[in-house]
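Trainee: I have the structure open and would like to test the terms we use for it. Could you take me through the reasoning behind a few of them?

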Amino acid sequence: MDFDFPLRKIIHVDMDAFYASVEQHDNPELKGKPIAVGGGSKRGVVSAASYEARKFGVRSAMAGTIARRNCPELIFVKPRFDRYKEVSKQIRNIFFEYTDLVEPLSLDEAYLDVTENKKGNPSATLIAQEIRNKIFDKTGLTASAGISINKFIAKVASDYNKPNGQKTVNPEEVLVFLENLDIRKFYGVGKVTAEKMYRLGIFTGLDLKQKPVEFLEKHFGKSGSYYYNVVRGIHLSSVKPHRIPKSVGAERTFFENLSSEIFMLEKLGHIASELERRLQKSKIAGKTITLKIKYSDFTLQTRSKTLPYFIASKDLILETAKELLYQSSLENSVRLLGISLANLNTEKKKESEKKESVLVQLKFDF
């Protein structure tokens, strides 16, 4: 099947239950048992769950109390982020044995462009298998992978044969693969968007493909053109070794719910200090400040303001965050506050970057 755009060989590697798997590897007594990283305290939230715990409906971002209710035998383990970073670095070094075009998404997943690679191996499928084997030999952990012509399809494919598996979607299989895909499997379609699509009669990629771009833009705004393109196998975003962040933020979950704005201002001061530290470390400034408020009933609210100038100092961040806090009355007691800065001065650099294209043969040995 011919496409009128350059094809790449992209691998998406995703570690299996990474934080929980590291804990089970380092402590053999935890192997085969339902464990949750984080979430053990009264106000705790699950950072990661082992596959044994997931069978009981335990998921990341779930309140620890709910997780324990779902799985009474659940074992909570304190996070060790320094250890996770150490293992992540070992995994990343394996990626660099094959290509310098590595785009980390987090500690446990990354995109690799192996169209041209250091091993001279024409098969992205075999490279993915080699990488997964090396990760297991080096760390004792398993990884899953997706392989295809672009980042979107590779990301979707990596979830297909989890855990400890991989799936290749060859160029000639792309369109049929996308047409048969459940809309909930499309990367970028969350729960709310999926429910909206259901109401519009969109359940599969084929249903999505039958909607004109005007219809999708009307109902989904700027995302409409994204959905229109990806279901046709069009996703031209290249693997970016140095990802430019779109926002920088900091947040805190409180041991007790806060109902007094005076106490919240004190907490916002600490959060603004942490955000200032992160901005200075990355040498970044931004114009749009967003205040994130999570209430005791877990409903989430955000309030934003865009300034005419870039800021990075605690005082200016806190001043605007206070304004946003007082913008309207609180709906309930508060369990979490966060401040993020977007519309960063890195965007200019991003816009000035030249678009890269990789010319390859039409026939791929995947």
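Mentor: Gladly. Keep in mind that this is a predicted model. Let's start with D14, which lies in strand 1.

Trainee: Why is D14 called buried or exposed, whichever it is?

Mentor: D14 has a relative accessibility of 15%, and the cut-off for buried is under 20%. D14 therefore counts as buried.

Trainee: Which residues does D14 touch, apart from those up to four places away in sequence?

Mentor: D14 touches D108, E109, A143, S144, S158 and K162.

Trainee: What makes strand 1 as a whole mostly covered?

Mentor: The strand spans residues 10-15, and six of its six residues are buried. I10, H12 and D14 point one way, while I11, V13 and M15 point the other way. That fits the general pattern: in a regular strand the side chains alternate between the two faces of the sheet.

Trainee: How do you know that strand 1 pairs with strand 7?

Mentor: Pairing needs at least two bridges, and strand 1 has six with strand 7 (residues 143-148), in the antiparallel sense. The two strands therefore count as paired. I11, for instance, stands opposite I147 in strand 7.

Trainee: And which bridges link strand 1 to strand 6?

Mentor: Strand 1 and strand 6 (residues 109-113) pair over five bridges, again in the antiparallel sense. V13 has A110 of strand 6 as its bridge partner.

Trainee: Now the helices. Why are helix 10 and helix 11 called oblique to each other?

Mentor: The axes of helix 10 (residues 213-220) and helix 11 (residues 223-230) cross at roughly 140 degrees. Roughly antiparallel would need an angle over 145, and roughly perpendicular runs from 65 to 115. The pair is therefore oblique. The axes come within 7 Å, and the crossing is right-handed.

Trainee: Which residues make that contact?

Mentor: Helix 10 contributes V213, L216, E217 and F220, and helix 11 contributes S223, G224, S225, Y227 and Y228. By type, the residues of this contact divide into five nonpolar, three polar and one charged.

Trainee: Let's turn to the sheet with the order 9-12-10-11. What makes strand 9 and strand 11 its edges?

Mentor: The sheet is open, with four strands and antiparallel pairing. Strand 9 (247-258) and strand 11 (300-311) each have a single partner strand, so one side of each is left without a neighbour in the sheet. On average, neighbouring strands are turned by 15 degrees against each other, direction ignored.

Trainee: How many bridges join strand 10 and strand 11?

Mentor: Strand 10 (residues 286-295) and strand 11 pair over eight bridges in the antiparallel sense. In one of them, I289 is partnered by K305 of strand 11.

Trainee: Which helices pack on this sheet?

Mentor: Helix 13 (residues 314-325) packs there, touching strand 10, strand 11 and strand 12, with its direction at about 140 degrees to that of strand 11. Helix 12 (residues 261-282) lies across strand 9, strand 10 and strand 12 (334-344), running at about 150 degrees to strand 9.

Trainee: L275 is in helix 12. How do you know whether L275 is buried or exposed?

Mentor: L275 has 0% relative accessibility, and buried means under 20%. L275 therefore counts as buried.

Trainee: What surrounds L275, leaving aside neighbours within four places in sequence?

Mentor: L275 is in contact with V248, G249, A250, I317, I339 and S340. The C-alpha atoms of L275 and A250 are separated by 5.6 Å, although these residues are 25 apart along the chain.

Note on methods
Residues numbered from 1 in each chain as written. Predicted model: local features only at pLDDT ≥ 70, side-chain atom pairs only at ≥ 80, totals over all residues. Heavy atoms only, no water. Buried < 20%, exposed > 50% of the residue type's maximum accessible area, 1.4 Å probe, protein only. Axes fitted to C-alpha atoms, helices over the stretch in contact; angles between N-to-C directions. Parallel < 35°, antiparallel > 145°, perpendicular 65-115°, else oblique. Left-handed = near helix turned anticlockwise from the far one by under 90°. Contact = heavy atoms within 4.5 Å. Nonpolar A, V, L, I, M, F, W, Y, C, P; charged D, E, K, R; others polar.
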